[in-house]
Amino acid sequence: MRKLFDFHGGIHPPENKHQSLSEPIRPAGIPRELVLPLSQHTGAAAAPVVRPGEQVLKGQLLAAASSLVSAPVHAPTSGTVSAIEERPVPHPSGLSAPCIVLECDGEDRWVELPAPPADYRELEIPALLERIRDAGIAGMGGAGFPTAVKLTSGTHHHIDTLIINGPECEPYITADDSLMRERAADILEGVAVLRHILRPREVLIGLEDNKPEAIEALRHAIGDQPVEVVVFPTKYPSGGEKQLIEILTGRQVPSGGLPADIGIVCQNVGTAVAVRDAVVHGRPLISRITTVTGEAVARPGNFEVLLGTPMHYLLEQAGWDPTRSGRLVMGGPMMGFTVPHPEAPVIKTSNCLLVPTEKELPSPPPAQACIRCGLCAEACPASLLPQQLFWFARGKESEKLEQHNLFDCIECGACAWVCPSHIPLVQYYRAAKADIIQQRRDHEKAEHSRLRFEARQARLEREEAEREAKRAARKQAAEKRAQAAAAEGGEDPIQAAIARAQAKKAAQQQAPEASPEEKAAAARQAAQAKLAKMQKRLADARAAGEEDKIVTALEASVKKLEEKLASLEEPTA
Amino acid sequence: MKLLRVSSPHAHGPNSTQRVMQQVLLASLPGVFVLTVFFGFGTLVNILWAAVVALACESLALWLRKRPLGFYLGDCSALVTALLLGIALPPYAPWWLIAIGVASAILMAKHLYGGLGYNPFNPAMVGYVVLLISFPVQMTSWAPPRGLTENVPGLLDALRACFLPGQFDAITMATPLDVLRQNSGLMMDDLWAQAPQFGRWAGIGWEWANLAFLAGGLWLLYRRIFTWHAPVAFLASLALMAALFYDGGSSASGGSPLFHLLSGATMLGAFFIITDPVSSAVSVRGRLVFGALIGILVYLIRAWGNYPDAVAFAVLIANLCAPFIDHYTQPRTYGHRPPAREDA
């Protein structure tokens with residue numbers, strides 16, 4: 001028996017998982033329209049490679065990864081790209097973001113996929129990582145970090161332990177549970193790929209003890225593979241990456257560091273299946289398992305959903321009664337966020353849609369005063385002092401907040417769950433974190449400006465000093481020359497120069513004023529010269545194939561100069 | 001369609017401040033019952049009258065501060081303050097004494113600092129100390145326990161003592177703690193034999209009251225209203241101090257550890273007073289230090305001070321130290337080395 005460890009704190013909220021486990025995974029079907037946000041992951045948004053009106057096939061690349069930390073987007077079914085525009089997306093901000101809108105044709109025709117290798121073990125590791133990256137896989141547990149990036153950083157470290165995250169500790173959510181029950185073999189196939197890439201000393205699949213069916217299915221699928229299922233007591237948030245690592249290994253990820261720093265890589269069970277699809281079958285990530293639950297749906301359960309499916313479509317598949325639900329939560333009741341628009345799509349990180357009735361999850365009552373009872377500190381899995389953080393957050397004491405390690409808060413919500421005064425603690429911490437990050441940015445900016453100002457000041461002083469030195473040197477030289485001239489009995493050259501200048505000035509003043517005609521002619525000449533120069537620049541730009549913007553700007557200037565020239569010629573013509 | 005937008009978490013545990021306070025009130029019942037059995041209805045009348053005054057003061061303060069009455073009165077915190085003060089005051093105290101104590105507690109110690117959650121000092125103990133310093137005579141007159149007096153006052157006597165103090169002749173007797181402090185030259189065993197106040201382990205009545213408060217406290221621990229750290233540290237350090245200065249029961253002895261654990265307000269203090277979260281230290285280690293400090297202070301004041309009991313002063317001094325203790329007992333956060341403190 002493996003030695004298990006415990007993490008500090010944690011809570012036991014009602015699980016409410018049975019509601020969505022009565023039926024096997026159901027296909028959600030193909031809606032009329034799919035909305036695919038360009039950013040469904042942590043990192044830079046993908047860049048579209050299709051244009052509105054284009055016909056696309058299932059699995060075809062729609063948007064490519066735009067930087068190292070990014071993930072491409074593929075067409076979940078065949079159809080026509082009807083628009084690339086801003087649409088409401090599932091994001092805590094409730095804002096809209098650029099999306100590719102796909103009008104589905106219902107034929108669900110696959111694009112010709114690159115042939116999967118006969119045996120992926122014969123591929124080089126970078127080629128395997130490339131496949132995973134090209135499949136658009138991002139962590140399916142909820143955070144959505146691009147999987148290839150995580151694995152690449154893993155290959156740079158010596159990886160001791162590969163942990164497959166399967167506790168699914170949040171109440172209500174059963175997407176991973178049903179996946180483990182029904183597709184344990186697929187998970188193990190994905191785990192084998194991950195093992196091949198990372199070559200860990202051991203592989204552990206961590207589960208809470210409330211999933212006996214999943215445990216049985218996994219153990220059966222493992223057979224004699226060197227993978228161990230580790231079962232531990234149910235406690236929220238055991239599925240948090242840091243907490244799971246502590247439970248299984250007794251080690252803690254250093255603050256601000258990555259699990260890879262201590263030789264560990266963690267991957268969600270859903271991600272393992274996506275990796276298997278990408279590497280073994282060459283299929284990109286175009287669907288996922290999503291739990292639909294809450295008392296406002298008649299038939300809660302798990303659905304295999306095409307990415308981009310509007311949430312209201314999916315909810316309707318489960319018999320949604322919109323009049324009964326006060327809120328729509330993406331994710332679980334502890335860490336999920338409310339989505340104000342039910343037309344927002346299901347994305348790579350949508351593990352659950354929760355539509356509770358008001359009775360089921362009542363609106364928060366008004367907060368009372370904090371009595372510093374300390375229940376929050378007992379519940380905090382990061383061993384923080386939430387009551388102190390709350391106090392400092394109210395007082396906007398950034399220094400104290402950082403000293404009390406605000407940024408180690410994982411926003412699991414355990415503190416707010418136990419709070420007898422119903423204080424929305426997590427909300428305070430989020431706001432405080434955002435404030436501090438903004439302050440840091442402002443500070444950096446101010447620092448940058450200060451450095452620039454000081455550099456300029458130093459440069460001006462230096463130049464002034466150089467000029468001063470030159471003046472002094474000239475003066476000295478002139479004196480020397482004057483002395484030399486005086487010694488030779490000749491004319492002082494400086495005095496002579498001054499006299500010449502004065503004579504020239506006097507001559508100019510006596511010269512007659514230029515006539516208006518002459519002036520106009522001079523102006524015309526100047527304008528013509530300018531125009532010729534600008535025309536040449538325009539021709540050069542066109543020849544060099546410069547950007548449209550620059551060419552248009554040059555064209556505009558040429559036109560302006562032509563107009564000016566015309567206006568100058570008019571009165572004399 | 002209008003959907004609610006709220007921040008996570010969306011689920012909430014069943015706990016509430018009101019529930020916490022009500023359980024504290026409930027847990028005090030055994031102690032109050034024992035006090036009533038041994039000393040008559042005085043304590044009960046104290047508590048009820050204190051509760052009336054506390055609710056009135058709380059309402060006044062809330063009204064002056066323009067806060068909704070129902071919402072804030074509902075937290076029951078004023079009732080807890082009234083309860084603790086009512087128990088701590090000598091039975092058969094006059095109504096005005098109780099009223100002054102409660103008003104000091106609620107108006108001065110609590111609302112002047114911003115109300116529940118913002119008070120640096122335990123309100124009930126502030127009320128107690130104000131009275132102890134201002135009215136030492138009334139505050140040191142304890143009734144004799146059943147067994148040492150023929151007529152333990154009934155409810156009517158108690159009401160008369162409270163509201164018509166002129167018409168009631170209270171019988172008073174030195175408490176066991178007083179007897180011990182005033183001991184001059186007797187060995188512990190001789191003192192025990194000579195003074196009638198002593199019972200099996202400590203004072204008659206007192207030992208049972210303390211055991212009853214201990215029972216209530218253990219129930220609160222079981223209900224996870226507070227953690228064991230502060231009470232256990234307090235009781236342990238008090239017992240340790242008593243053991244250090246027991247001196248084999250000589251005439252210079254400060255009394256046995258058991259005597260101290262079951263005398264005066266020890267158990268009431270351990271489970272109902274120092275566990276007031278608002279004014280105590282916050283972290284686990286902080287509460288250990290906080291409790292231990294109170295234990296030491298209680299013994300020092302009992303042994304060498306001039307007051308009938310020491311819990312109130314010890315708690316207030318420890319309240320003063322709480323922010324300082326917090327500063328040095330910040331727990332180690334996940335993924336951190338022990339906190340590197342820049343001294344603020």
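**Strands, sheet and chain contact**

Strands β13 (residues 287-293) and β14 of chain A pair in the antiparallel sense over six bridges. Strands are DSSP runs of E with at least two residues, helices are runs of H or I with at least four, and both are numbered from the N terminus. Two strands count as paired if DSSP finds at least two bridges between them. The model is predicted: local features need pLDDT of at least 70, side-chain atom pairs count only at pLDDT 80 or more, and totals for chains, interfaces and linings use all residues. Residues are numbered from 1 along each chain as its sequence is written, while chains are lettered from A and ligands numbered from 1 in the order in which they are written.

Within the β13(A)-β14(A) pair, Thr291(A) has Asn302(A) of β14(A) as its bridge partner. β14(A) also pairs with strand β1 (residues 26-27) of chain A, in the parallel sense and over two bridges. There, Arg26(A) stands opposite Phe303(A) of β14(A). Five of the six residues of β14(A) (residues 301-306) are buried, so this strand is largely enclosed by the rest of the structure. A residue is buried if 20 or more other C-beta atoms lie within 10 Å of its own, exposed if 12 or fewer, and partly exposed in between; these C-beta atoms are placed from the backbone.

Chain A also holds an open sheet of four strands with parallel pairing, in the order β11-β10-β9-β12. β11 (227-232) and β12 (264-268) of chain A stand at the edges with a single partner strand each, so one side of each has no neighbour in the sheet. On average, neighbouring strands of this sheet are turned by 25° against each other, direction ignored. Strand β10 (residues 202-208) of chain A runs parallel to β11(A), joined by six bridges. Leu204(A) has Glu228(A) of β11(A) as its bridge partner.

Two helices are described on this sheet. Helix α4 (residues 184-198) of chain A packs on the sheet and touches β9 (161-165), β10, β11 and β12 of chain A. The direction of α4(A) makes about 155° with that of β9(A). Helix α7 (residues 269-280) of chain A packs on the sheet and touches β9 and β12 of chain A, its direction making about 85° with that of β12(A). Axes are lines fitted to C-alpha atoms, for helices over the stretch in contact, and angles run from 0 to 180 degrees between N-to-C directions.

The contact between the chains takes 52 residues from chain A and 33 residues from chain B. Residues are in contact if their C-beta atoms, placed from the backbone, lie within 7 Å. α12(A) gives the most to the side of chain A that touches chain B, with three residues.
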